[in-house]
Amino acid sequence: LNEDAKTLLSSIHSSVDGVSAWDRVGTSGWSDVYDNCDIAEQSPGSFLGIDNMNLHHKTNAREKMLKYYTPELERYVEERYADDLSNPYFRFSPIKLFP
């Protein structure tokens, strides 16, 4: 798997500076903030020159969830998916829509 990842990332090059994805992130890893999409600072782990300040990825998920969730639905989801939400492998950040 490691060699396949290296082969794939070596074949992808930035159109800005020509650096391969392998050279940019494959040799050192993404960064220590790879699980935080809202980070407001550029990190060495930016992908192919697209830094973390690019907020086009930001989706305002909280506002969208408030359109569809009720306090009862939020409790149901928290109870039903408690094992997944608390699984350290997934590293989900808690979301509390309602107090």
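1. A word on terms before we start: a residue is called buried under 20% relative accessible area, exposed over 50%, and partly exposed in between. Take Asp17 as a test case: its relative accessibility is 41%, so the residue counts as partly exposed. Keep in mind throughout that this is a predicted model.

2. Now the overall picture. What does the secondary structure come to? You'll find five helices and zero strands. Reading from the N terminus, the order is simply α-α-α-α-α. The protein has 99 residues, and 13% of them are buried. Its accessible surface is about 8100 Å², with 56% of that belonging to carbon and sulfur atoms. As for how the chain meets itself, take the contacts with a separation of 6 or more: 31% of these are between residues 24 or more positions apart.

3. Next, the charged pairs. Side chains of opposite charge can pair when their charged atoms come close. How many salt bridges does the structure hold? There are three, and the next few points go through them.

4. Back to Asp17, then. Its side chain forms a salt bridge with that of Arg24, at 2.6 Å from N to O. Asp17 has another partner too: the side chain of Ser14 makes a polar contact with the Asp17 side chain, at 3.3 Å. Where is Ser14? Look in the loop between helix 1 (2-10) and helix 2 (21-26). Is Ser14 buried or exposed? With a relative accessible area of 7%, Ser14 is buried, whereas Asp17, at 41%, is partly exposed.

5. Helix 4 has a salt bridge of its own. Here the side chains of Arg75 and Glu72 meet at 3.8 Å, N to O. Why are these two about one helical turn apart? Because they sit three residues apart in helix 4, which covers residues 71-80. Arg75 is partly exposed, at a relative accessible area of 44%.

6. Another bridge involves helix 4 as well, and this one joins the side chains of Lys96 and Glu78, 3.3 Å from N to O. The pair links distant parts of the chain, since Glu78 belongs to helix 4 and Lys96 to the segment after helix 5 (82-85), with their positions 18 residues apart. How do the two partners compare in accessibility? Lys96 has a relative accessible area of 52% and is exposed, while Glu78, with 26%, is partly exposed.

7. On to the aromatics. The structure holds two aromatic pairs. One of them is Tyr89 with Phe90: the ring centres are 5.6 Å apart and the planes stand at 70°, so the pair is edge-to-face. The cut-off behind that label is an angle over 60 degrees. Tyr89 is exposed, with 69% relative accessible area, and Phe90 is partly exposed, with 40%. Which residues do ring pairs link into a cluster? They are Tyr89, Phe90 and Phe92.

8. One last spot to check by eye is Arg91. This residue has a positive phi, about 55°, although it is not a glycine. You'll find Arg91 in the segment after helix 5. Its relative accessibility is 42%, so Arg91 counts as partly exposed.

Methods
Residues numbered from 1 in each chain as written. Predicted model: local features only at pLDDT ≥ 70, side-chain atom pairs only at ≥ 80, totals over all residues. Heavy atoms only, no water. Helix = DSSP H or I, 4+ residues; strand = E, 2+ residues; numbered from the N terminus. Buried < 20%, exposed > 50% of the residue type's maximum accessible area, 1.4 Å probe, protein only. Contact = heavy atoms within 4.5 Å. Areas by Shrake-Rupley, 256 points an atom, 1.4 Å probe, with all protein chains shown as cover. Salt bridge = Lys/Arg side-chain N within 4 Å of Asp/Glu carboxyl O. Phe/Tyr/Trp six-rings, centres within 6.5 Å; stacked < 30°, edge-to-face > 60°. Polar contact = N/O pair within 3.5 Å; in protein donor to acceptor, adjacent residues only side chain to side chain.
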